[in-house]
Amino acid sequence: MTTFTAVENISRRNVLKLFGAVGGGLALGGTSLVWSPMALAQDKQALMNLFVAIGEDNKVYLTCHRSEMGQGIRTGIPQVLADELEADWDKVVVVQGLADKRYGSQNTDGSRSIRKHYHRMRQMGATARTMLEQAAADKWKVPVTEVYAKAHKVHHKGSNKSLSYGELALAASKLTMPELDKVTLKPESEFVHIGKSHTIVDMDAMLTGKAIYGYDIKLDGMLYASITRPPVLGSDVVSVDDAKARKIAGVVDIITLPVPKGAPLFQALGGVAVIATNSWSAIEARKALAITWSESVNDSHDSDVYLKGLVERVKLPGKVIRQLGTSVTDWPAEHTLSAVYTVPYLTHAMMEPPVATANVTADGCELWASSQTPQSTQQNVAGALGLKEEQVKVNVTLLGGGFGRKSKPDFSVEAAILSQKLNKPVKVCWSREDEIQNGYYHAISAQMYQAKIDGNSMPTALLARTGFPSISSTFAEGVEYPSDGELDLGFSDVPLALESIQLESVKAKAHTRIGWMRSVCNIQHAFGIGSFVDELAVKTNKPCVQMWRELLGKPRIENFENQGFKYGNYGEELADHPVDVGRYLKVLDTLEAALAKAPKAAENQGWGMAVHRSFVSYVAVATLVEVVDKKLKVIKSIAVMDAGTVVNPDRVKSQLEGAIIFGLSLAMMGDISFKGGKVVQSNFHDYPLLRLPQCPDIETHIIASTAKPGGVGEPGVPPVAPSLTNAIFAATGTRHRDLPLNKFVSV
């Protein structure tokens, strides 16, 4: 590779060779964990393998260490770096980072890429700027206080002299790097790129077909693998009749892969792999296999029966996880409202199913994968092959969607194992059927909410229970209760100003691989609380927005003190990202103002709304629907987000639009069901996504804020489902407490 495109996926050492940094140029950086001049002086590779490089060609090469799946992070991270660097955006080239511990976490999920790295990326850009300024001061023999960087040059205040970054790169690279915590950051009033909408750097490549996704990787001599995995978790191969399959032209080998014992973890599922010289032969030969599977403890799993059991359990006392005030034992029927809400299993259904290509040699393994977690991929592949982590190189391609599925590196492990066995490069491509029937599923769930209402039509007490198989079951056997971290996701952390709050969880055993999906447990928890607040509003004859305001109470910072649990707050310090009721109220105010200008509900129409905090951001959504003869039409959606400081408003707008579509798809049609331990659905015909005619007009509002950046990718999803079902109630008077809606109405 000898030329750059907008985004390059090559090693940092090769970047430096390409633009002459070995003989002249600047490479700067530090991990997001520890950085010091001493550490870099002792490790030249660290100096060359991080975030900022400047060539004598005057281009700036900025590394994005996160994975791009359409959310725009390969634009957002460079925007932050470029702003502090005072770089000209037209001279920026983005480099995709490989798996490397020195970056700190590269796990691109949890809406963390900006909120966890914003400050450090500012420091990295400022470090480069500081060194360039010092190099110019030394060249002009003036105090550094007399120079300043602006618009890709360093200027002298007392004259018209200036030097380009390319002219200063060699001298700057020889200076001692300042400590990150001692560099001066720009005032926010001087931001050039942060807070401005930039077109994503991958756009041209996407539009012209030049973008490289996992499916686009081709290596000399590469073989293709199509794998039949156990249809029931825990079943194994008893026998294989592969005679017909081996007769198909192009088939190279058929390999039985062992089924791992114990918790699923990120291990390959096992099964039977067909290896061929082309993908079509592999797929056709796989169809010709006759496999006998062993029995499994999960053979009897029926999701309908399981859900009925969950519903009954949430009606009975569970394990108390949060307690405010005294337990209420008196629940008079005339002053009590209770309801149970359910959400089925769900799957990610990203456009590009999992795919990875591995080449294992005597020296190690090189991978090309559409991975959200290159470091986890590196670790798990190394473990499966018996290699050291540094022997595994992970190249991150563009992802055709991820939503959390590609945070699990099982598909990369499969490719690596097969390549090691065959001593050739192997590409493993999951089909749509594979992705739907052998995934890591969002948990099936049931929730019970019960409120006591006083004579002034105001709720005074809340009792709530939630039950769902835990993600922890994927990592350890015998898990029966949700983890504290899962309960923190929209259940235990809703800051209601009531006299008594008692929250409980109930047992729920897992019978399949449970994993995180976009918004995770906020999906079911926001549906529950968002629907229940609307039911309270109807019962007390108040607008839903007013009921939310009354339940939230006065603006305050909620710390959940002395309530029996420690709030995890998405891994953030409460001091940095407090639970701020004032910000809840602000998004409600903004939504109400937008609704005042929106079309009024006509006959057979209704507006519904909900508000939710997740991933330390605040989102309110309103939805307008029409229902005629049980035919549902979603007409308009309005979304308001307070995500703190926003780097790229266009990307936030796009993420909100995508969240509306994602959330509507789940609420209207999302349903993974199990019969006899097997997934019933197989493709988009029975696990559909929102089609263009079903998509509403979408209006977005981003609240200006100087608060620290919050999450963006996931917070828009949770309020969508309750806003939709609340709107249907407003239009029809029928309350839907169970998802998906296509069981009850035509969508």
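Lysine 653 is partly exposed, with 38% relative accessible area; here buried means under 20%, exposed over 50% and partly exposed in between, using a 1.4 Å probe and protein chains only. Its partner, glutamate 657, is partly exposed too, at 23%, and the two side chains form a salt bridge with N to O at 2.6 Å. A salt bridge here is a side-chain nitrogen of Lys or Arg within 4 Å of a carboxyl oxygen of Asp or Glu. Because lysine 653 and glutamate 657 are 4 residues apart in helix 18 (residues 649–669), about one helical turn separates them. Elsewhere, Asp83, Glu86, Lys150 and Lys186 are joined into one network by salt bridges that share partners.

A word on the source: this is a predicted model, in which local features need pLDDT of at least 70 and side-chain atom pairs count only at pLDDT 80 or more, while totals for chains, interfaces and linings use all residues. Residues are numbered from 1 along each chain as its sequence is written, and side-chain values use heavy atoms, leaving out hydrogens and water.

The count of salt bridges comes to 44. Three of them are set out here.

| Acidic residue | Basic residue | N to O distance |
|---|---|---|
| glutamate 657 | lysine 653 | 2.6 Å |
| glutamate 535 | arginine 737 | 2.7 Å |
| glutamate 572 | lysine 116 | 3.6 Å |

The pair of glutamate 572 and lysine 116 links distant parts of the chain, 456 residues apart: glutamate 572 lies in the loop between strand 23 (557–558) and strand 24 (579–580), lysine 116 in the loop between strand 5 (92–96) and helix 5 (118–140). Helices (H or I, at least four residues) and strands (E, at least two) are DSSP runs, numbered from the N terminus. Glutamate 572 is buried at 12% relative accessibility, whereas lysine 116 is partly exposed at 38%.

Arginine 737 follows helix 19 (720–732) and glutamate 535 sits in helix 15, so their salt bridge ties together parts 202 residues apart in sequence. Glutamate 535 is buried at 7%, and arginine 737 is partly exposed at 29%.

Now to the sheet. It is open and mixed, with 5 strands in the order 14-22-21-20-15; two strands pair if DSSP finds at least two bridges between them. Strand 14 (319–324) and strand 15 (336–343) are at the edges with a single partner strand each, so one side of each has no neighbour in the sheet. Strand 15 runs antiparallel to strand 20 (residues 445–453), joined by 8 bridges, and valine 340 stands opposite methionine 448 in strand 20.
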